[in-house]
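Let's take a walk through this one together. Have the viewer open and pick out spots as we go.

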Amino acid sequence: MLEKDSPVKGIIKSLGLVFGDIGTSPIYTLTVIFLLTKPTPEHVMGVLSLIVWTLIILVTVEYAWLAMSLGEKGEGGTIVLREILIPLLKSGRQVAFVTLLSFIGIALFIGDGVITPAISILSAVEGFLLIPGFETTRQEILILISGIIAIALFVFQKKGTERVSGAFGPLMVLWFLSLAVSGIVSILQIPSVMMAVNPYYAFKFLYENGIAGFFVLSEVILCATGGEALYADMGHLGRKPIVRAWYFVFIALLLNYLGQGAFVIQHPDAKNVLFEMVFHHATILYIPFLILSITATVIASQAMISGMFSIVYQGINARIMPLFKVEYTSTEMRSQIYLGFVNWFLLISVLYIMFEFRESHRLAAAYGLAVTGTMTLTGIMMTWIFYLRKKPILSIISLIVTSVDIAYLTANLYKIPHGGYWSLILALIPFVIIMLYTRGQKRLYRMMKFISLEEFLHKFNRAYATTGTIKGTALFLLKDINEIPFYITQTMFYHSIIYEDNIFVSIVKRPDPFGVTGFFKEEIAKGLRNFEIQFGYMEVVDVEDILREAGIEEKTIFYGIEDIVTRRLRWKIFSILKKVTPPFVQFYKLPSRKLHGVVTRVEM
């Protein structure tokens with residue numbers, strides 16, 4: 001849950017946790033854009049105008065205003081939009097369509113998350129080439145340095161970021177101030193670049209350059225990468241601190257981009273615009289600035305990794321992802337989590353992407369497709385929600401923003417053969433896992449042998465009265481009290497294991513993000529009770545604590561294990577997925593000494 005911080009403290013925290021990605025975009029955005037288009041003064045003004053209005057429309061309007069107004073009890077993200085939208089829909093087809101959209105959105109977010117550390121760290125490390133004596137450094141050395149930084153970052157995750165995260169905010173304040181100051185110094189050389197805030201220059205650029213100008217949008221979008229974090233990370237800090245921090249970030253970015261534009265007009269042959277601008281205006285401060293930029297990219301990558309852990313955990317709670325092993329890295333905050341599988345998948349992917357693309361400007365060819373895809377899906381779902389809630393003005397504004405998203409997405413499609421396919425391949429991996437897991441779980445549930453509660457009680461009452469009971473309490477984990485799984489009837493009636501006190505424990509996901517309650521429902525029969533745990537889909541649940549608070553001191557806990565038998569390849573993969581991820585009881589950290597798994601053979 002959110003802590004109450006002072007406005008300034010909230011803003012500083014937001015800068016460290018939310019704005020790293022979008023805050024490090026100036027390192028590479030203009031450099032990459034002017035590989036696609038000639039750096040003439042007219043083009044520079046047009047590009048600057050496009051950047052300004054991209055930040056206004058896609059970050060300020062879409063995320064800081066529209067999306068963040070749809071937060072569910074302070075939470076945000078693709079899964080939250082799905083949970084808000086589904087209850088408003090009437091037909092099953094619409095629900096299935098929205099569910100598919102949310103799956104694609106989550107997959108694109110993860111695919112995008114791999115490229116963020118790779119391009120950020122690599123582009124910052126390339127700044128070494130401007131230091132006297134390092135101009136001839138081979139690209140292999142720069143890739144190696146970037147790889148070592150990435151490895152150190154990912155290895156550090158298991159220890160938790162609680163101790164060092166307090167420094168993230170102040171360091172990012174310093175980073176944004178340095179961006180703003182360096183921008184102002186350059187703007188003073190050519191103050192006319194301030195005119196680029198007029199959208200006339202953006203329209204003029206697109207009109208005069210035609211299809212080539214349209215494709216430049218695929219690189220302009222790099223200035224807004226990380227904008228989706230405003231909404232996705234809302235649950236950590238709340239809406240107000242993030243929005244307040246965005247005003248500060250927006251002004252710093254605006255000044256820096258305008259300054260870079262002024263520098264390009266004066267030095268059209270610049271190859272690494274931001275670093276060359278700082279080196280030109282303040283050579284003595286260049287190395288501290290370079291170190292600060294590398295630190296900022298590490299912080300941006302850290303925010304992305306934390307966000308990735310959070311989105312996967314939400315997916316587990318929403319029952320659309322396998323139960324990956326979760327470790328808690330903080331004794332104070334349960335929300336500080338570590339998922340080993342996700343961490344090492346990201347590290348291997350980041351290192352591969354660095355070695356595959358070699359240079360940050362080539363990596364930009366793969367970047368942007370997933371971002372625009374995520375933004376478009378967010379726009380579609382937002383527009384739909386506003387429409388169903390009968391908010392016509394917000395619906396129209398949201399529809400206009402979504403049209404802009406679609407334009408950027410279309411421009412990015414040309415990147416697919418130039419490396420953008422990697423963005424799709426990386427997104428395809430989580431998408432396949434989600435689809436396989438959700439379909440497999442539904443299929444498995446249909447194949448399971450359930451009996452009705454009425455039929456079970458008929459057998460239980462007779463067995464409880466005639467069979468010798470075991471002293472103490474036994475817990476039986478199940479999904480729905482009205483459908484009794486085969487493992488319970490097998491345990492009680494085939495093996496005659498009936499305790500004095502038998503409790504059915506069901507863990508139920510609530511439609512809202514927060515809240516955990518555990519309570520006894522009405523007694524089902526003599527010797528048989530029902531305890532229900534309800535939790536929000538953003539909660540980190542400690543089942544054992546809830547049981548103790550309710551006064552339950554069990555002797556043993558029974559749960560079902562499915563032994564899947566199948567000839568179909570997809571269900572074989574699903575079976576392997578189930579085997580390599582922790583079972584339900586291990587995920588919720590139930591005491592291992594009390595656990596008894598009962599195997600049920602299921603043919604799929």
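Which residues make a nonpolar surface patch of about 370 Å²? Keep in mind while looking that this is a predicted model. The patch is built from I151, V155, W344 and I348. Helix α7 and helix α15, which spans 340–357, are the elements that give two or more residues to this patch. Zoom in on W344, which sits in helix α15. W344 has a relative accessibility of 37%, so it counts as partly exposed: the exposed class starts over 50%, and buried means under 20%.

Now slide along to the start of helix α7, which covers residues 139–156. Q139 belongs to this helix. Is Q139 buried or exposed? Q139 is buried, because its relative accessible area is 15% and the cut-off for buried is under 20%. What does a buried glutamine side chain do for polar partners here? The side chain of Q139 makes a polar contact with the side chain of E126, at 3.2 Å. The Q139 side chain also reaches the backbone oxygen of R358, this time at 2.8 Å. If you set aside residues up to four places away in sequence, the residues Q139 touches are L122, E126, R358 and E359. So E126 and R358 turn up both in that list and as the polar partners of the Q139 side chain.

Next stop is helix α17, residues 369–388, where you'll find T376. T376 has a relative accessible area of 6%, so it is buried as well. Which residues does T376 contact once its neighbours within four places in sequence are left aside? They are T402, D405, I406 and L409.

Time to zoom out to the whole chain. There are 24 helices in it, along with 10 strands. Along the principal axes, the C-alpha atoms fill a box of roughly 95 × 55 × 50 Å. How does the radius of gyration fit with a compact globule? For 604 residues, a compact globule would come out near 25 Å, and the chain has 27 Å, so the two agree.

The contacts and the surface round off the picture. Take the contacts between residues at least 6 apart in sequence: 83% of these join residues at least 24 apart. Buried residues account for 56% of the 604 in the chain, and Q139 and T376 are among them. On the outside, the chain exposes about 25900 Å², with carbon and sulfur atoms supplying 63% of that area.

Conventions
Residues numbered from 1 in each chain as written. Predicted model: local features only at pLDDT ≥ 70, side-chain atom pairs only at ≥ 80, totals over all residues. Heavy atoms only, no water. Helix = DSSP H or I, 4+ residues; strand = E, 2+ residues; numbered from the N terminus. Buried < 20%, exposed > 50% of the residue type's maximum accessible area, 1.4 Å probe, protein only. Polar contact = N/O pair within 3.5 Å; in protein donor to acceptor, adjacent residues only side chain to side chain. Contact = heavy atoms within 4.5 Å. Patch = residues over 30% accessible without salt bridge, like charges linked within 9 Å, V, L, I, M, F, W, Y side chains within 5 Å. Areas by Shrake-Rupley, 256 points an atom, 1.4 Å probe, with all protein chains shown as cover. Salt bridge = Lys/Arg side-chain N within 4 Å of Asp/Glu carboxyl O. Rg over C-alpha atoms; globule rule 2.2 N^0.38 Å.
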